[in-house]
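Q: Please take a close look at one part of this model. I should like a formal, connected account of it.

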Amino acid sequence: MGNVELSSRVEYALLALLELASRHPKESPLTVNEITAFQEIPERYLDQILAVLRRAGIVQSLRGAKGGYLLAKEPWQITLLEVFSTLEGSGSDQTQKVSESATIEKTAVLEIWQEAQQASWGVLEKYTLQDLCEQRDVRKQANPMYYI
């Protein structure tokens with residue numbers, strides 16, 4: 001899964017998913033244009049990101065005049081880790097293996113690094129899209145002026 005960095009891909013995906021989650025479970029899909037009107041996401045990126053999320057079964061798309069995107073499951077069923085690994089690839093390939101020739105010191109450093117990595121994934125796995133929505137709502141109530 002590589003380093004747990006907040007790439008713009010992951011950030012845009014989470015912002016778009018937050019928008020979709022705020023409309024959930026109403027059956028009115030959001031178009032790419034509507035999502036970019038609410039969140040500052042470049043449109044060409046959003047198309048690609050939504051396509052990846054759709055293939056992963058996180059969102060679904062509806063065709064036609066009233067078409068657009070909907071969440072494919074409940075907000076509490078989508079973990080931030082799932083979104084992260086969908087967009088950034090699923091880790092094991094990038095985890096550095098301790099090679100046979102590694103020094104004791106190098107091994108010690110790598111093992112701690114891997115533990116830190118795992119802890120980060122644990123945090124991302126603990127939070128869902130639902131949690132993200134709730135955190136946003138709490139902030140909106142605390143700071144209403146910010147959103148005008």
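Which element gives the largest share of the lining of the largest cavity?

A: The largest share comes from strand 2, with three residues. This is a predicted model, in which local features need pLDDT of at least 70 and side-chain atom pairs count only at pLDDT 80 or more, while totals for chains, interfaces and linings use all residues. Residues are numbered from 1 along each chain as its sequence is written, and side-chain values use heavy atoms, with hydrogens and water left out.

Helices (H or I, at least four residues) and strands (E, at least two) are DSSP runs, numbered from the N terminus. On a 1 Å grid over the protein atoms alone, a cavity is a set of points where a 1.4 Å probe fits but cannot get out, and a pocket is an open set with protein on both sides within 12 Å along at least five of seven lines; lining residues have an atom within 4 Å of a point. A volume is the space filled by probe spheres set on the points, which are joined across faces, edges and corners.

The whole structure holds one cavity of 30 Å³ or more, and the largest cavity encloses about 40 Å³ of space. Its lining consists of Leu 20, Arg 23, His 24, Lys 26, Ser 28, Tyr 69, Leu 70 and Leu 71. Helix 1 and strand 2 (68–71) are the elements that give two or more residues to this lining. By class, four lining residues are nonpolar, two polar and two charged (nonpolar: Ala, Val, Leu, Ile, Met, Phe, Trp, Tyr, Cys and Pro; charged: Asp, Glu, Lys and Arg; polar: the others, Gly among them).

His 24, one of the lining residues, is joined to Pro 25 by a cis peptide bond with omega of about 0°. Pro 25 itself lies in the loop between helix 1 and helix 2 (32–38).

Helix 1 also serves the largest pocket, whose lining receives five residues from helix 1, the most from any element. The volume of the largest pocket is about 290 Å³. Helix 1 and helix 4 are the elements that give two or more residues to the lining of this pocket. By class, the pocket lining has ten nonpolar, no polar and two charged residues.
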